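Please examine the sequence and the model shown below. The explanation that accompanies them proceeds from the ligand to the charged pairs and then to the surface.

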Amino acid sequence: MQIAGTTVLLTGVTGGIGGAIAAGMAAQGAHLILTGRRREALAPLADRYGARTILADLADDEDVRRLAEEAAGTDIVIANAALPSSGDLLDYTPAQIDRALAVNLRAPAMLARLLAPDMVTRGRGHICFVGSLSGMAATKSSSLYNATKFGLRGLSLAFRQDLHGTGVGVSIVQPGFVRDLGMFANTGSPTPGGVRTVAPQQVVKGVTRAIERDIAEINVAPLELRFLTKIASQFPGFAERVQRRAGAEKTMNAIVASQRASR
Ligand SMILES: NC(=O)c1ccc[n+]([C@@H]2O[C@H](COP(=O)([O-])OP(=O)(O)OC[C@H]3O[C@@H](n4cnc5c(N)ncnc54)[C@H](OP(=O)(O)O)[C@@H]3O)[C@@H](O)[C@H]2O)c1
């Protein structure tokens, strides 16, 4: 669907990629409803884009329901917010596990469940999930992130089939490592194995294409990473051995240490 003139609900706007998506959507003439959990970070964005803002903690089910109520009538949902959820599962408390699952998977599913029926009634709308290549290939110290992003991919691809023929599209956009801003760039770490990164603008372009052309899945990453990810999704045992030999553990440990405070 064409983005100009539509109302777009965007989660995770106070983060790196969310900020870039907000700018991209505003430039294309969308009316923005921006949501985040920090009032002081949302206020300047409301001014910049003439946007409505809704304060909501996506780990809180009541907040998610209220968000959907307040954003009723939206044409496009971009479910972008997520926690990095890196580190070994054995290092997570039960509350941290619940939060990772709630923010990264439950909240996107609930927003889709609560906002799609009205889109179906109107015969137009789009739901775009921001996933990750970690939704296709497992890596060490990423079990919860992998779990939520694999889950999000399944949710998106199957929900898309449920809505086929209703006029409402569903897409997932899966970036690799993004440079300059966002949860990976904020760690200041090089990429594991030195793989190449993508620019935030490429993710925005992917989201735009997914919505405008109703594409099921767009992977935003350099060719070699997209290729390795496909291999890893088909042959996980082989991929595991390759990753171990590449010796990426030290880099991964540095990323986990830097993201520990965000659990
Ligand atoms: N950066 C990458 O290299 C990369 C690669 C692949 C996929 N992705 C995906 O891209 C999306 C955006 O990531 P990013 O890099 O922009 O990360 P980011 O800078 O860490 O931003 C994450 C956003 O999610 C929000 N969020 C976290 N917990 C929340 C909660 N309980 N309630 C409401 N909002 C919450 C954060 O809010 P606060 O500002 O309040 O923390 C922030 O706005 C994510 O889905 C991520 O998995 C990123």
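The paragraphs that follow describe a predicted model.

The ligand is a suitable starting point. It is surrounded by 29 residues, the closest being Thr14, Arg38, Asp57, Asn80 and Tyr145. By class, this shell comprises 16 nonpolar, 9 polar and 4 charged residues. Oxygen atoms of the ligand take part in several short contacts with the protein. A polar backbone atom of Gly15 lies 2.9 Å from a ligand oxygen, and a polar backbone atom of Ile17 lies 2.8 Å from a ligand oxygen. A side chain is involved as well: a polar atom of the Lys149 side chain is 2.9 Å from an oxygen of the ligand. Taken alone, the ligand exposes 900 Å², of which the protein buries 92%. Two or more residues of the shell come from each of the elements α1 (16-27) and α5 (143-162).

Arg38, one of the residues closest to the ligand, also forms a salt bridge with Glu40, with the closest N and O atoms 3.9 Å apart. Arg38 counts as partly exposed because its relative accessible area is 37%, whereas Glu40, at 56%, is exposed.

In the structure as a whole, a search finds 14 salt bridges. One of them pairs Arg124 with Asp75, the closest N and O atoms being 3.3 Å apart. This pair links distant parts of the chain, 49 residues apart: Arg124 belongs to the loop between α4 (94-122) and β5 (125-130), and Asp75 to the loop between α3 (61-70) and β4 (76-79). Asp75 is buried, with a relative accessible area of 7%, while Arg124 is partly exposed at 39%.

A further salt bridge joins Arg244 and Glu240, whose closest N and O atoms are 3.1 Å apart. Because these two residues are 4 residues apart in helix α8, about one helical turn separates them. Arg244 is exposed, with a relative accessible area of 56%, and Glu240 is partly exposed at 42%. Elsewhere, salt bridges with shared partners connect Asp75, Asp118, Arg122 and Arg124 into one network.

The surface also carries a nonpolar patch formed by Phe235, Phe238 and Val242, with about 290 Å² of accessible area together. Phe235 lies in the loop between α7 (223-234) and α8 (236-246) and is partly exposed, at 47% relative accessible area.

Thr191 offers a buried counterpart, with 8% relative accessibility. This residue is located in the loop between β6 (168-175) and α6 (200-213), and its side chain reaches the backbone oxygen of Val195 at 2.6 Å.

Conventions:
Residues numbered from 1 in each chain as written. Predicted model: local features only at pLDDT ≥ 70, side-chain atom pairs only at ≥ 80, totals over all residues. Heavy atoms only, no water. Patch = residues over 30% accessible without salt bridge, like charges linked within 9 Å, V, L, I, M, F, W, Y side chains within 5 Å. Areas by Shrake-Rupley, 256 points an atom, 1.4 Å probe, with all protein chains shown as cover. Salt bridge = Lys/Arg side-chain N within 4 Å of Asp/Glu carboxyl O. Buried < 20%, exposed > 50% of the residue type's maximum accessible area, 1.4 Å probe, protein only. Near = heavy atom within 4 Å. Polar contact = N/O pair within 3.5 Å; in protein donor to acceptor, adjacent residues only side chain to side chain. Nonpolar A, V, L, I, M, F, W, Y, C, P; charged D, E, K, R; others polar.
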